[in-house]
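Open the model in your viewer and keep the sequence beside it. This tour tells you what to select at each stop and what is there.

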Amino acid sequence: MLPETLFRLQLVLGYLACLLCFANYIWPWLKSMDRVKAQRVIATLHSFRFFGLVFLLPGVVGTNLPASFASFAAYGDFATGVLAMLALLTVRLRPLFWLFVLAFNLAGVVDILVDYYHATQVNLPAVAGELGAMYAIPIVYVPLLMITHLVAFYLLVRPSARQTAE
């Protein structure tokens, strides 16, 4: 099987596996929480996105990993992670908390979409082996991140239980 085909297949299966896991285990749990607690759970997951800086670390990724992809992915993840941490740190200051929740989700979705664009432009699937140990990030971690961003947006616009009871 060609590397491009294998990478694309694994990416699709990564989304499918994450959706199945999310639908069966995580979504029922998040739905049972109040909006703030659910957003804190999502922000906690995204606070680890500082790890994306590893795309810049020689020896962890291959020397032929396109720099245009690696740099944007690394710094986009880093910015999203910092914004998620700021959301967690400001939970008691609700206007700031909600601002950072919106900010890290917007930054995170833009990061992932632009990363997909860059990956297409540099034909990343053809050199997927250059991801080295980080191969699991786009296959396993990114689908979970994108799904939780979409859920976070849904939770932001969903009426709270208090509003629906009135």
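**Stop 1: helix crossings**

Select α2 and α4: α2 passes α4 in a left-handed crossing. A crossing is left-handed if the near helix is turned anticlockwise from the far one by less than a right angle, and right-handed if clockwise. Helices (H or I, at least four residues) are DSSP runs, numbered from the N terminus.

Before moving on, note that this is a predicted model, in which local features need pLDDT of at least 70, side-chain atom pairs count only at pLDDT 80 or more, and totals for chains, interfaces and linings use all residues. Residues are numbered from 1 along each chain as its sequence is written, and side-chain values use heavy atoms, with hydrogens and water left out.

Stay with α2 and α4. Their axes come within 11 Å and cross at roughly 45 degrees. That makes α2 oblique to α4. Axes here are lines fitted to C-alpha atoms, for helices over the stretch in contact, and angles run from 0 to 180 degrees between N-to-C directions. Angles under 35 degrees count as roughly parallel, over 145 as roughly antiparallel, 65 to 115 as roughly perpendicular and the rest as oblique.

Now swap α2 for α3. At what angle do α3 and α4 pack? The angle is about 165 degrees, and the axes are 8 Å apart. That makes α3 roughly antiparallel to α4. The crossing of α3 and α4 is left-handed.

**Stop 2: the salt bridges**

How many salt bridges does the structure hold? It holds two. A salt bridge is a side-chain nitrogen of Lys or Arg within 4 Å of a carboxyl oxygen of Asp or Glu.

Select Arg 49 and Asp 77. Their side chains meet in a salt bridge, at 2.8 Å from N to O. Asp 77 lies in helix α3 (residues 67–89) and Arg 49 in the loop between α2 (35–46) and α3, so the pair ties together parts that are 28 residues apart in sequence.

Add Asp 111. Arg 49 forms a salt bridge with Asp 111 too, and the closest N and O atoms are 2.7 Å apart. Asp 111 sits in helix α4 (residues 94–121) and Arg 49 in the loop between α2 and α3, so this pair ties together parts that are 62 residues apart in sequence. Arg 49, Asp 77 and Asp 111 are thus linked in a network of salt bridges.

Are these residues buried or exposed? Asp 77 is buried, at 9% relative accessible area. Arg 49 is buried, at 1%. Asp 111 is buried as well. Buried means under 20% relative accessible area, exposed over 50%, partly exposed in between (1.4 Å probe, protein chains only).

**Stop 3: a nonpolar patch**

Turn to the surface. Select Phe 48, Phe 50, Phe 51, Leu 56, Tyr 75, Phe 78, Val 82, Met 85, Leu 86 and Leu 89. They form a nonpolar patch with about 920 Å² of accessible area together. Patches are made of residues with over 30% relative accessible area and no salt bridge: like charges are joined within 9 Å, nonpolar side chains (Val, Leu, Ile, Met, Phe, Trp, Tyr) within 5 Å. Accessible areas come from the Shrake-Rupley method with a 1.4 Å probe; for residues, only the protein chains shown count as cover.

Pick out Met 85. This residue lies in helix α3. Met 85 counts as partly exposed, at 33% relative accessibility.

**Stop 4: single residues and distances**

Go to Ser 68, also in helix α3. Ser 68 is partly exposed, at 43% relative accessible area. Draw a line from its C-alpha atom to that of Leu 93: the two residues are 25 apart along the chain, and the atoms are separated by 37 Å.

Next, select Ala 103 in helix α4. Ala 103 is partly exposed, at 24%. Ala 79 is 24 residues away from Ala 103 in sequence and 9.9 Å away in space, C-alpha to C-alpha.

Move to Cys 21 in helix α1 (residues 3–31). Cys 21 is partly exposed, at 38%. The C-alpha atoms of Cys 21 and Lys 37 are separated by 20 Å, with their positions 16 residues apart along the chain.

**Stop 5: the loop between α4 and α5**

Finish with Asn 123, in the loop between α4 and α5 (136–157). Most residues other than glycine have a negative phi. Asn 123 has a positive phi of about 55 degrees although it is not a glycine. Asn 123 is partly exposed, at 33% relative accessible area.

Notes. Helices (H or I, at least four residues) and strands (E, at least two) are DSSP runs, numbered from the N terminus.
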